[in-house]
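Dear colleague,

I am handing over the structure below, and my notes on what was found in it follow. Please read them with the model open beside you.

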Amino acid sequence: GEWARMEANLQRTESVAGPVVITELLRVEAISTPLDGRTKGSVIRSMTELAADVGFLWDPTEMAAAVQKREELHSTAIDNGVAFLHPRRPMPDIMAEGFLALGVSALIKSKQ
């Protein structure tokens, strides 16, 4: 059950064939500008809902909770309001595939 799935995730040794191309991972429909959200929690929820709307996630609520837990361990935020939101461990039960999504909040956009 759950232990076997977790162990399989930890033992994955997949390799990437060739270079990773961001434009292939970040689809236009996975970009939201302006992104709804003014607090860390609302931004996380908006990003996971965006990913679900595009078809990357089957359970945005579970992913939002996992991302929030990860952020509590150590923030993924860097300068200028950028954050690389992700869960601590892979979540293949709720993700269709690895993906990128981009959100630009109205607060960040208005400062430019």
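Which side chain of opposite charge is nearest to Glu71, and how far away is it? The nearest one is that of Lys40, 4.3 Å away, and Glu71 is buried yet has no salt bridge. Buried here stands for a relative accessible area under 20%, exposed for over 50%, and partly exposed for what lies in between, with a 1.4 Å probe and protein chains only. Lys and Arg are counted as positive and Asp and Glu as negative, while His and the chain ends are not counted; a salt bridge requires a side-chain nitrogen of Lys or Arg within 4 Å of a carboxyl oxygen of Asp or Glu.

Before going further, please note that this is a predicted model, in which local features need pLDDT of at least 70 and side-chain atom pairs count only at pLDDT 80 or more, whereas totals for chains, interfaces and linings use all residues. Residues are numbered from 1 along each chain as its sequence is written, and side-chain values use heavy atoms, with hydrogens and water left out.

Glu71 belongs to helix H4, where helices (H or I, at least four residues) and strands (E, at least two) are DSSP runs numbered from the N terminus. Its side chain is joined to that of Thr76 by a polar contact of 2.5 Å, the term denoting a pair of N or O atoms within 3.5 Å, of which, within protein, one must be able to donate a hydrogen and the other to accept it, with residues adjacent in sequence counted only if both atoms are side-chain atoms. Setting aside neighbours within four places in sequence, Glu71 is in contact (heavy atoms within 4.5 Å) with Lys40, Ile44, Thr76, Ala77 and Leu85.

The structure does hold one salt bridge, in which the side chains of Arg27 and Glu29 meet at 2.7 Å, N to O. Arg27 is partly exposed at 33% relative accessibility, and Glu29 is likewise partly exposed, at 43%.

Turning to the interior, the largest nonpolar core (buried Ala, Val, Leu, Ile, Met, Phe, Trp, Tyr and Cys residues joined through side-chain atoms within 4.5 Å) has 16 residues, and Phe56, Leu57 and Met63 are among those with the most contacts inside it. H3 and helix H4 (60-73) each supply at least two residues of this core, and the largest share, five residues, comes from H3.

One aromatic pair is counted, the rule being that ring centres of Phe, Tyr and Trp (its six-membered ring) lie within 6.5 Å, with planes under 30 degrees apart taken as stacked, over 60 as edge-to-face and the rest as tilted. Phe56 and Phe99 form this pair, which is stacked, at 4.7 Å centre to centre and 10 degrees between the planes. Phe56 lies in the loop between H3 and H4 and Phe99 in the loop between H4 and strand E2 (102-105), so the pair ties together parts that are 43 residues apart in sequence. Phe56 is buried at 3% relative accessibility, whereas Phe99 is partly exposed at 24%.

Lastly, two residues of helix H3 deserve a look. Thr48, in H3 (residues 40-54), is buried at 7%, and its side chain reaches the backbone oxygen of Arg45 at 3.0 Å. Leu50, also found in H3, is buried at 12%; it lies 21 residues from Glu29 in sequence and 8.7 Å from it in space, C-alpha to C-alpha.

With best wishes
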